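Hi everyone, thanks for coming. Let me put the model up on the screen.

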Amino acid sequence: MSSTTTIDNAIPRADIIKRAARLGAEIKNIRLSGDLSDEVVRAINQVLLEHKVIFFRDQGHLDDAEQERFAVRLGKLVPHPTVGAINGTSSILELDSGRGGGRADQWHTDVTFVDAYPKISVLRGVVIPPYGGDTVWSNTAAAYLDLPAPLRKLADELWAVHSNAYDYAVKSRATEADRKHFDEVFTGTIYETEHPVVRVHPISGEKSLLLGHFVKRIKGYSQADSAHLFGLLQSHVIRQENTVRWRWQAGDVAIWDNRSTQHYAIDDYGTQDRVVRRVTLKGEVPVGANGQRSQTIKGAEIVGV
């Protein structure tokens with residue numbers, strides 16, 4: 001990008017405000033819709049690739065249908081593989097704090113328990129509490145570069161099993177409704193996929209750490225050693241210097257590159273209502289540093305709609 005504008009002069013550089021050093025930018029003066037020009041859509045994709053998560057305020061005009069009409073300009077819509085979509089939409093997942101599974105307060109990359117997990121997520125704030133409920137994102141490519149060289153070399157060779165059947169009870173504040181939702185809905189079908197711990201981004205070529213709370217174990221290690229190794233690598237992902245935090249307002253939209261980030265929804269708003277709605281876009285099967293592709297062990301790929 002030039003110093004003043006993005007691709008085709010579609011978004012002035014002055015309208016792109018960095019929100020943290022390593023990732024995150026707010027884009028001003030754009031009304032998201034399915035009717036945006038191709039030039040603006042290309043520019044949004046370019047800014048997303050550079051900053052990894054981008055934010056838009058004042059998008060209260062969006063409803064479920066228009067959120068999907070906009071999102072499909074960025075890729076192919078895919079529903080959540082176990083929860084499905086709401087209200088007859090193609091792909092929208094609702095996260096409601098008052099219902100089981102509505103508080104995503106663990107570090108994760110979306111849906112990594114399948115092979116071609118989503119490349120992009122588009123999240124809209126519907127009901128936002130007056131305090132609390134921020135979301136934090138981390139840059140998994142910067143985390144990889146932060147590793148000491150011997151640890152990077154080891155990470156390049158590691159593979160991990162990701163599953164939706166992680167131990168939900170480890171969440172100290174999991175309610176009975178949460179556990180019921182997890183048992184009956186989220187794990188109605190068990191998925192397991194072997195992913196490289198380091199994946200290569202299909203567009204930028206960056207290497208990034210593919211971890212998060214869907215990791216069940218690291219292959220070739222005992223459970224204890226796997227847990228220690230996971231903790232060591234994950235600690236580089238979630239260093240505060242490697243994150244950006246967004247204070248939601250109703251009508252905000254966040255879009256992130258799910259191939260090079262993790263995120264965490266902070267559960268610090270008590271019994272207040274918090275409702276957000278997410279669209280995901282079909283991704284590619286990851287390729288590791290050695291050129292090998294992820295493999296499904298149980299379940300099936302997400303099928304595009």
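I'll talk about one helix and then one sheet.

A quick word on where this comes from: this is a predicted model, where local features need pLDDT of at least 70, side-chain atom pairs count only at pLDDT 80 or more, and totals for chains, interfaces and linings use all residues. Residues are numbered from 1 along each chain as its sequence is written, and side-chain values use heavy atoms, with hydrogens and water left out.

Let's begin with helix 1, residues 38-51 (helices are DSSP runs of H or I with at least four residues, strands are runs of E with at least two, and both are numbered from the N terminus). Its 14 residues reach 20 Å from first C-alpha to last, close to the 20 Å expected, which is 1.5 Å times one less than the number of residues.

Which residues of helix 1 are buried? They are Val40, Val41, Ala43, Ile44, Val47, Leu48 and His51, where buried means under 20% relative accessible area with a 1.4 Å probe, protein chains only. These residues lie on the same side of helix 1 because they cover an arc of only 160° around the axis, taken from the directions from the axis to the C-beta atoms. Among the elements covering them are strand 3 (53-56), helix 2 (64-71) and strand 6 (120-127), with contact meaning heavy atoms within 4.5 Å. Just after helix 1 comes Lys52, with a positive phi near 75°.

Now the sheet. Its 4 strands form an open, antiparallel arrangement in the order 12-8-9-17, and two strands pair if DSSP finds at least two bridges between them. Strand 12 (215-218) and strand 17 (295-298) are the edges, each pairing on one side only. Strand 8 (residues 159-163) is joined to strand 12 by 3 bridges, and His162 stands opposite Val215 in strand 12.

Notes
Buried < 20%, exposed > 50% of the residue type's maximum accessible area, 1.4 Å probe, protein only.
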